Amino acid sequence: MADHVRSYVVADLPGDGIGPEVVAVARDLVDAAGSRFGFTVDWQHCPLGAEYYLRTGEVLPGAEFDRLRKTDAILLGAVGSPSVPPGVLERGLLLRLRFELDLYINLRPARLRPGVVSHGAGALDTVVVRENTEGLYAGAGGTVHKGTAFETATEESLNTRAGVERCLRYAAGLARRRAGKMTLVHKTNVLVHAGDLWQRVAREVADAEGVALDYAHVDAACLYLVDDPGRFDVIVTDNLFGDIISDLGAALTGGLGLSPSGNLNPDKTGPSMFEPVHGSAPDIAGTGKASPAAAVLSAALMLDHLGEPEAAAALDGAVDAVLGAGGQDTTAGWAKALATELAAAEVTR
Ligand SMILES: NC(=O)c1ccc[n+]([C@@H]2O[C@H](COP(=O)([O-])OP(=O)(O)OC[C@H]3O[C@@H](n4cnc5c(N)ncnc54)[C@H](O)[C@@H]3O)[C@@H](O)[C@H]2O)c1
């Protein structure tokens with residue numbers, strides 16, 4: 001045990017449906033990793049989500065937001081219910097947290113894990129670094145002449161030099177820690193204005209950071225991800241393209257049930273948020289069948305971000321070990337098997 005015990009304040013935002021079931025497993029594993037690797041987590045329960053909205057009429061009250069802002073990280077399960085209209089929680093909670101906490105990187109690792117069958121031509125091992133606050137998702141645009149034959153709807157893609165550069169800098173830093181190369185994915189032959197900005201800044205950042213730079217148009221990138229996955233390591237791209245290709249990466253590496261994500265504020269001026277990519281799965285909530293793998297992998301990303309790489313690797317390795325042994329059919333089975341694997345992980349610090 002280390003002399004000085006490191007400590008983190010983490011908001012536990014389990015949400016709805018299977019969210020609380022999978023987050024409970026992830027929390028227990030984080031605590032177990034803390035005992036092994038010498039840190040503690042002060043969990044702050046945050047009751048937001050569909051159930052909270054239906055009960056109180058509020059999505060993200062100021063006092064809850066202030067509590068979230070003061071944490072080191074947020075571990076989210078999933079929010080959503082058939083009783084809440086689409087968009088209420090997405091815009092009022094998830095997108096608000098993304099914009100107001102300046103979570104400008106969406107991180108989506110996609111690695112073919114042991115025991116998982118590939119749908120592609122080989123084993124994909126990539127991290128999609130998606131710009132998370134600009135592009136077509138910035139909210140610029142509108143509708144005029146609504147309800148007439150000339151109704152016109154526009155969505156504008158906003159790309160600032162500063163926003164593009166900070167995303168590319170994060171991706172280049174990650175590339176330096178991995179294989180030393182990043183691939184810019186865009187559509188520069190058609191989206192010539194935004195494409196030119198992304199391409200120029202990518203060249204500058206790659207040169208400054210000493211990483212190799214490759215490029216693929218987004219349509220070709222989809223094809224290569226399936227046909228020639230070995231050509232990718234770190235992929236950096238804008239908000240919309242990243243949203244789409246990261247789901248393709250998930251589909252090629254075992255589906256959404258194995259897919260973790262991080263919404264990062266790399267400058268650490270506030271908490272970053274980590275969540276499994278799957279939703280609240282109301283169809284299986286309460287049946288004990290939810291797989292906590294993606295939530296545990298999201299907790300591993302969180303530990304890495306907090307500065308606990310050995311604990312992060314131990315959680316990630318435990319998921320690999322359980323999958324390699326054939327996986328588990330129940331949440332409880334997963335929890336037990338993961339705890340056993342984690343207990344066997346070596347402590348190197
Ligand atoms: N970030 C989020 O919080 C988030 C993301 C996606 C969907 N949602 C919300 O979740 C609700 C359900 O959405 P959906 O059905 O489209 O997507 P979903 O991901 O919840 O479920 C899709 C299918 O995958 C299965 N599944 C998902 N996660 C699983 C797991 N961990 N283990 C085993 N099976 C799993 C479900 O049973 C379902 O059959 C909706 O209200 C939606 O808005 C929330």
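1. Start with the overall layout. In this predicted model, the protein chain splits into two domains: domain 1 covers 1-105 + 258-349, and domain 2 covers 117-141 + 157-252. Each domain is thus written as two stretches of the chain. Measure from one C-alpha centre to the other and you get 25 Å. Where the domains touch, domain 1 puts in 10 residues and domain 2 puts in nine residues. On the domain 1 side of that contact, six residues are nonpolar, two are polar and two are charged.

2. Next, have a look at Gly-242, which sits in helix 8 (residues 239-251). Is this glycine buried or exposed? Gly-242 has 26 other C-beta atoms within 10 Å, and since 20 or more is enough to count as buried, Gly-242 is buried. Leaving out its neighbours within four places in sequence, its contacts are Asn-106, Val-128, Arg-130, Glu-131 and Thr-237. Arg-108 is worth finding too: this residue is 134 residues away from Gly-242 along the chain, yet their C-alpha atoms are separated by 8.9 Å.

3. Now for a helix pair, helix 9 (residues 293-306) and helix 10 (residues 309-324). Their axes come within 7 Å and cross at roughly 165 degrees. Angles over 145 degrees count as roughly antiparallel, so that is the label for helix 9 and helix 10. The crossing of these two helices is left-handed.

4. Which residues make the contact between helix 9 and helix 10? From helix 9 come Ala-293, Val-296, Leu-297, Ala-299, Ala-300, Leu-303 and Asp-304. Helix 10 answers with Pro-309, Ala-311, Ala-312, Leu-315, Asp-316 and Val-319. By class, that gives 11 nonpolar residues, no polar ones and two charged ones.

5. A backbone detail to check is Asp-102. Asp-102 is not a glycine, but its phi is positive, at about 55 degrees. You'll find Asp-102 in the loop between helix 4 (88-100) and strand 4 (105-111). Asp-102 counts as partly exposed because it has 17 C-beta neighbours inside 10 Å.

6. Lys-268 deserves a similar look. What is the phi of Lys-268? Positive again, at about 60 degrees, and Lys-268 is not a glycine either. Lys-268 lies in the loop between strand 11 (260-264) and strand 12 (272-276). With 13 C-beta neighbours inside 10 Å, Lys-268 is classed as partly exposed.

How values were computed: Residues numbered from 1 in each chain as written. Predicted model: local features only at pLDDT ≥ 70, side-chain atom pairs only at ≥ 80, totals over all residues. Axes fitted to C-alpha atoms, helices over the stretch in contact; angles between N-to-C directions. Helix = DSSP H or I, 4+ residues; strand = E, 2+ residues; numbered from the N terminus. Parallel < 35°, antiparallel > 145°, perpendicular 65-115°, else oblique. Left-handed = near helix turned anticlockwise from the far one by under 90°. Contact = placed C-beta atoms within 7 Å. Nonpolar A, V, L, I, M, F, W, Y, C, P; charged D, E, K, R; others polar. Buried ≥ 20, exposed ≤ 12 C-beta atoms within 10 Å, placed from the backbone. Domains from an automatic or database assignment.
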